Amino acid sequence: MFKRGLADVGKSLPKSASNRTFDFWLNYEEMADIIFLDSYENVPFDVVHPLFFDKTQHLVACGKAAGDDCPICDYLDSLPKDATDKPYRREMAFFSVLDLRPYEKEDGTVIPVTKKLLKASKQTVGSIQQEMNMSSIEELYGTLWKVGRGKNAMPKPAAVGNSFRYLRSADLDRLVEQTGDESLVMPVAIEELDKMIIRDPETAMQTFQSFLESKGESQARKATGFSATKLNI
Ligand SMILES: [Zn+2]
């Protein structure tokens with residue numbers, strides 16, 4: 001359904017708040033030490049459709065996962081079965097982590113540690129769980145890990161890394177003492193996470209459709225970020 005009035009154009013979708021908490025990601029062949037801030041039992045996850053429009057990837061909650069209709073799932077079903085560049089829906093876990101790579105601000109100040117969100121697919125969650133089993137650790141909160149992103153792995157290594165190695169448990173009390181910032185070791189609040197997810201798939205799909213029409217459909221499908229490689233073997 002159309003809305004009316006130029007003054008409200010651009011206001012119908014909730015603003016993505018992803019600029020409030022940085023996403024954790026690595027360059028190819030880069031490694032980082034991270035500390036997990038969620039307890040194993042409390043890692044938030046949701047079923048989302050990553051859709052690209054307004055020059056940003058938006059995470060839209062899947063309607064079907066909430067027991068409603070989902071125009072985005074319907075759109076996916078309408079695509080040919082063998083389409084290799086289909087947008088997708090995925091279960092995504094939102095880990096709060098401390099990134100221990102020092103970061104230099106424009107004024108020269110060095111920030112030794114930054115809280116970030118590691119948005120993990122089921123596959124990445126599997127890698128983390130596997131390493132927990134191998135290292136016989138049951139609790140994730142406060143553990144220090146080495147994460148790396150390969151270059152030539154298949155499937156293409158996720159931007160959040162494809163190798164997860166448990167190092168040891170970290171001294172978070174000491175970190176709080178050193179930084180004087182107690183909130184640093186708390187996971188990102190669920191209210192904050194909620195602002196990053198668009199809960200109105202109907203409106204999001206309308207915006208995405210306009211994007212498809214303006215860009216040409218195949219290009220738009222690519223812009224959803226899906227990069228499956230179809231092997232002809
Ligand atoms: Zn859906």
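**Close-up views of a predicted model**

**View 1. Helix α3, out in the open.** Helix α3 covers residues 172-179, and of its 8 residues the number buried is 0, so this helix lies largely in the open. Just past the end of α3 comes G180, with a positive phi of about 65°. Like everything else shown here, this helix belongs to a predicted model.

**View 2. The whole chain, before zooming in further.** Here we step back for a moment. The protein chain has 6 helices and 11 strands. Of its 233 residues, 22% are buried. Take the contacts between residues at least 6 apart in sequence: 72% of them join residues at least 24 apart. As for confidence, the chain has a mean pLDDT of 83, and 83% of its residues get to 70 or more.

**View 3. Two stretches to treat with care.** Over residues 15-19 the pLDDT stays under 50, and the model has 8 contacts beyond four places in sequence for this stretch. The other stretch is residues 225-233, where pLDDT also stays under 50 and the model has 11 contacts beyond four places in sequence. Where pLDDT is low, the predicted coordinates shouldn't be read in detail.

**View 4. The largest nonpolar core.** Which residues touch the most other members of this core? Out of its 23 residues, the answer is I34, I35, F36, V97 and L118. Four elements each give two or more residues to the core: β2 (31-36), β5 (90-99), β8 (114-120) and β9 (143-148). Strand β5 gives the most, with 4 residues. To get a feel for the packing, pick out I34: setting aside neighbours within four places in sequence, I34 is in contact with V97, L98, D99, L100, W145 and V147. Apart from this core lies another one, made of 13 residues, including A61, M196, I198 and A204.

**View 5. F164 on strand β10.** Find F164 in strand β10, which runs over residues 163-169. Is F164 buried or exposed? It has 20 C-beta neighbours inside 10 Å, so F164 counts as buried. Leaving out neighbours within four places in sequence, F164 is in contact with S127, I128, E131, W145 and V147. Look for Q129 as well: F164 and Q129 sit 35 residues apart in sequence, and their C-alpha atoms are 9.5 Å apart in space.

**View 6. Where helices α1 and α5 meet.** Helix α1 (residues 71-78) packs with helix α5 (residues 201-215) at an angle of about 45°, and their axes are 8 Å apart. The two helices are therefore oblique to each other. On the α1 side the contact is made by P71, I72 and Y75, and on the α5 side by P201, E202 and M205. Sorted by type, the residues of this contact come to 5 nonpolar, no polar and 1 charged.

**View 7. C73, also on helix α1.** Staying with α1, this view picks out C73, which lies in that helix. With 17 other C-beta atoms within 10 Å, C73 is partly exposed. Its contacts, not counting neighbours within four places in sequence, are C62, K64 and R89. Over on the partner helix, M205 is one of the α5 residues in the contact with α1. C73 and M205 are 132 residues apart in sequence but 10.0 Å apart in space, C-alpha to C-alpha.

**View 8. E139 and S136, in one loop.** E139 lies in the loop between α2 (122-134) and β9. E139 has 12 C-beta neighbours inside 10 Å, so it counts as exposed. Even so, E139 has contacts from elsewhere in the chain: beyond its neighbours within four places in sequence, it's in contact with S39 and Y40. D38 is 101 residues from E139 in sequence, yet their C-alpha atoms are 9.1 Å apart in space. S136 is also in the loop between α2 and β9. S136 is exposed, with 7 other C-beta atoms within 10 Å.

**View 9. Two positive phi angles.** Most residues other than glycine have a negative phi. S136 isn't a glycine, but it has a positive phi of about 50°. E29 isn't a glycine either, and its phi is positive too, at about 65°. You'll find E29 in the loop between β1 (22-23) and β2. With 11 C-beta neighbours inside 10 Å, E29 counts as exposed.

How values were computed: Residues are numbered from 1 along each chain as its sequence is written. This is a predicted model: local features need pLDDT of at least 70, side-chain atom pairs count only at pLDDT 80 or more; totals for chains, interfaces and linings use all residues. Axes are lines fitted to C-alpha atoms, for helices over the stretch in contact, and angles run from 0 to 180 degrees between N-to-C directions. Angles under 35 degrees count as roughly parallel, over 145 as roughly antiparallel, 65 to 115 as roughly perpendicular and the rest as oblique. Two residues are in contact if their C-beta atoms, placed from the backbone, lie within 7 Å. Ala, Val, Leu, Ile, Met, Phe, Trp, Tyr, Cys and Pro count as nonpolar, Asp, Glu, Lys and Arg as charged, and the others, Gly among them, as polar. pLDDT is the predictor's confidence in each residue, from 0 to 100. A nonpolar core is a set of buried Ala, Val, Leu, Ile, Met, Phe, Trp, Tyr and Cys residues joined through C-beta atoms within 7 Å.
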